[in-house]
Amino acid sequence: MAGFRIRVDQDHLKFSAAHFLLYSNGECERVHGHNYRTWVELEGSLEANDYVFDFLAIKPLMKKICDRLDHRVLLPTENAALKIARGGSVIEATFHDKQYRFPAGDVLLLPIHNTSAELLAKYICGEVKQELKAGLGAAHVTRITVGVQESFGQEASYEEAF
């Protein structure tokens, strides 16, 4: 099937964040961080101006999403094994016998099951989709793909219909 696609993959579409993965066997990784890079592809038919979507509109949207994730501790809220308590200026997280305490302003609670690159890509894709539907005029877009690179040569992507 023939179609058109744009891809935005620029050096400024990045964020630095701490996280840890939760495993089904009751273990979890140590808290660590990555300098994540992201990219987005939009697929669809051409608009009247002969493009799928304006690069000048998608770049600041991706930057805004990356900025929200930047310099945060990312915690998943959809994992029943991770108990999260919000107490004023502190977020406490407990996973079995491990307890974490972070300043609330440093934490971003994400509606995902784990903070894997795969689920971060899905989360960002959902944010892009929501923003596009909120008024950027993406009537010709039929598919969105988002990639998240944790380190050089190690990335995950997620795509869904628009």
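Where is the place of His 34? You'll find His 34 in strand 3, which covers residues 32-44. Before going further, keep in mind that this is a predicted model.

Let's stay with His 34 for a moment. Is it buried or exposed? His 34 has a relative accessible area of 15%, and since buried means under 20%, it counts as buried. Look at what surrounds it: leaving aside residues up to four places away in sequence, His 34 touches Phe 15, Ser 16, Ala 17, His 19 and Glu 150. One of those neighbours, His 19, also makes a polar contact with His 34, side chain to side chain, at 3.3 Å.

Strand 3 has another residue worth a visit, this time as part of a nonpolar core. The largest such core has 34 residues, and the ones touching the most other members are Leu 42, Ile 58 and Ile 124. Which elements give two or more residues to this core? They are strand 1 (4-8), strand 2 (14-19), strand 3, helix 1 (55-69), strand 8 (107-110), helix 2 (117-136) and strand 9 (141-151). Helix 2 provides the largest share, with 8 residues.

Take Leu 42 as your way into that core. Not counting residues up to four places away in sequence, Leu 42 touches Phe 4, Arg 5, Ile 6, Val 52, Phe 53, Ile 58, Leu 132, Val 141, Arg 143 and Ile 144. Apart from the largest core, there's another one, made of 13 residues that include Leu 22, Leu 82, Ala 93 and Phe 102.

Now on to a sheet. Strands 5, 6 and 7 form an open sheet, lined up in the order 5-6-7 with antiparallel pairing. At the edges sit strand 5 (82-87) and strand 7 (98-103), each pairing on one side only. How are neighbouring strands turned against each other here? On average by 15 degrees, ignoring direction.

You can trace the sheet pair by pair. Strand 5 and strand 6 run antiparallel and pair over 6 bridges; in strand 6, for instance, Glu 92 is the bridge partner of Ala 85. The hairpin of these two strands has 2 residues between them, and in it Gly 88 takes a positive phi near 60 degrees. On the other side, strand 6 (residues 90-95) is joined to strand 7 by 6 bridges, again antiparallel. There, Phe 95 has Lys 98 of strand 7 as its bridge partner. As you follow any of these, remember that in a regular strand the side chains alternate between the two faces of the sheet.

Notes:
Residues are numbered from 1 along each chain as its sequence is written. This is a predicted model: local features need pLDDT of at least 70, side-chain atom pairs count only at pLDDT 80 or more; totals for chains, interfaces and linings use all residues. Side-chain values use heavy atoms; hydrogens and water are left out. Two strands pair if DSSP finds at least two bridges between them. Helices (H or I, at least four residues) and strands (E, at least two) are DSSP runs, numbered from the N terminus. Axes are lines fitted to C-alpha atoms, for helices over the stretch in contact, and angles run from 0 to 180 degrees between N-to-C directions. Buried means under 20% relative accessible area, exposed over 50%, partly exposed in between (1.4 Å probe, protein chains only). A polar contact is a pair of N or O atoms within 3.5 Å; within protein, one must be able to donate a hydrogen and the other to accept it, and residues adjacent in sequence count only if both atoms are side-chain atoms. Contact means heavy atoms within 4.5 Å. A nonpolar core is a set of buried Ala, Val, Leu, Ile, Met, Phe, Trp, Tyr and Cys residues joined through side-chain atoms within 4.5 Å.
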